[in-house]
Amino acid sequence: MLQSVSSSVARVGEPASPGIRRALSHIERHFTEALYLDDLAALAGLSVCRFVTVFRRQVGLTPHRFVCRERVRYARGLLVDGVPAAQAALEAGFFDQSHLSRHFKSVYGMTPGRYLRELVQSPPMRAGRIGYPARTAFSPVSSSRPA
């Protein structure tokens, strides 16, 4: 369900240094837990201020925003699977449901409830059939030939 955190680095021009890759790997394994800048900076072998600057330059987001986005993506998967919003928020590492809602809206532009309502209302799109209505189910035609 969760894509690799390291793949997010490829979107930014500068390749991730080994220290930032270590921090990203740690975030990938522990994003639902409390993460501290001191620990991440130590993993990268940088001071806290330098870590934030280098992380933002190489990843494209500050460490805090990056962790919040990973938590929101994880919570979105839980919500789609039918987990109640309050429980999804806690499992994803947010303080409460409103904390999740605030960050969810900043990432997806809508609240989790609206996202789920729109997900239910929109018909599933098939790969390769963008913009075309779904075909009706195949119904075999009875033939007069013997089988």
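This is a short walk through one protein chain, from its overall fold down to a few single residues.

Hi everyone, and thanks for coming. Before anything else, please keep in mind that we are looking at a predicted model.

Let's begin with the fold. What does the protein chain contain in the way of helices and strands? There are seven helices and zero strands, so if you read along the sequence you simply meet α-α-α-α-α-α-α. The chain has 147 residues, and 27% of them are buried. Its accessible surface comes to about 9,800 Å², with carbon and sulfur atoms providing 56% of that. Now take the contacts between residues at least 6 apart in sequence: 55% of these join residues at least 24 apart.

Next, the inside. A bit of background first: in soluble globular proteins, nonpolar side chains tend to be buried together. In our model, the largest nonpolar core has 15 residues. Which of them have the most contacts inside that core? They are Ile20, Leu24, Ile27, Phe51, Phe55, Val59 and Phe66. Helix 1, helix 2, helix 3 and helix 4 each give two or more residues to this core, and helix 3 covers residues 48-59. Apart from this core lies another one, of 12 residues, and among them are Ala75, Ala88, Ala89 and Phe94.

Phe94 brings us to the pocket, since Phe94 is also one of the residues lining the largest pocket. That pocket has a volume of about 200 Å³. Its lining runs through Ala34, Leu35, Tyr36, Leu37 and Leu40, then Pro63, His64, Val67, Cys68 and Arg71, and finally Phe94 and His99. Two elements give two or more residues to the lining: helix 2, which is 37-44, and helix 4, which is 63-80. Which element gives the largest share? That is helix 4, with five residues. Sorted by class, the lining has nine nonpolar residues, two polar ones and one charged one.

Let me stay with helix 4 and look at what is around it. Val67, from the pocket lining, has its C-alpha 8.8 Å from the C-alpha of Glu28, although 39 residues separate the two in sequence. Glu28 sits in helix 1, which spans residues 18-30. Because its relative accessibility is 27%, Glu28 counts as partly exposed.

Now for Arg65, also in helix 4. Is Arg65 buried or exposed? Arg65 is exposed, because its relative accessible area is 54%, and the cut-off for exposed is over 50%. From Arg65 to Val107 is 42 residues along the chain, and their C-alpha atoms are 9.8 Å apart.

So where is Val107? Val107 belongs to helix 6, residues 97-108. With 26% relative accessibility, Val107 counts as partly exposed. Leaving aside neighbours within four places in sequence, Val107 is in contact with Arg69 and Val72. Val107 also has its C-alpha 9.1 Å from that of Cys68, 39 residues away along the chain, and Cys68 is another name from our pocket lining.

My last stop is Gly109. You will find Gly109 in the loop between helix 6 and helix 7, where helix 7 is 112-121. Gly109 counts as partly exposed because its relative accessibility is 49%; the exposed class starts over 50%. Which residues does Gly109 touch, leaving aside its neighbours within four places in sequence? Gly109 is in contact with Phe104 and Arg114.

To recap: we have seven helices and zero strands, a largest nonpolar core of 15 residues with another core of 12 residues apart from it, and a largest pocket to whose lining helix 4 gives five residues. Thanks for listening, and I'm happy to take questions.

Note on methods. Residues numbered from 1 in each chain as written. Predicted model: local features only at pLDDT ≥ 70, side-chain atom pairs only at ≥ 80, totals over all residues. Heavy atoms only, no water. Helix = DSSP H or I, 4+ residues; strand = E, 2+ residues; numbered from the N terminus. Buried < 20%, exposed > 50% of the residue type's maximum accessible area, 1.4 Å probe, protein only. Contact = heavy atoms within 4.5 Å. Areas by Shrake-Rupley, 256 points an atom, 1.4 Å probe, with all protein chains shown as cover. 1 Å grid on protein atoms, 1.4 Å probe; cavity = no way out; pocket = protein on both sides within 12 Å on 5 of 7 lines; lining within 4 Å. Points joined across faces, edges and corners; volume = space filled by probe spheres on them. Nonpolar A, V, L, I, M, F, W, Y, C, P; charged D, E, K, R; others polar. Core = buried A, V, L, I, M, F, W, Y, C linked by side-chain atoms within 4.5 Å.
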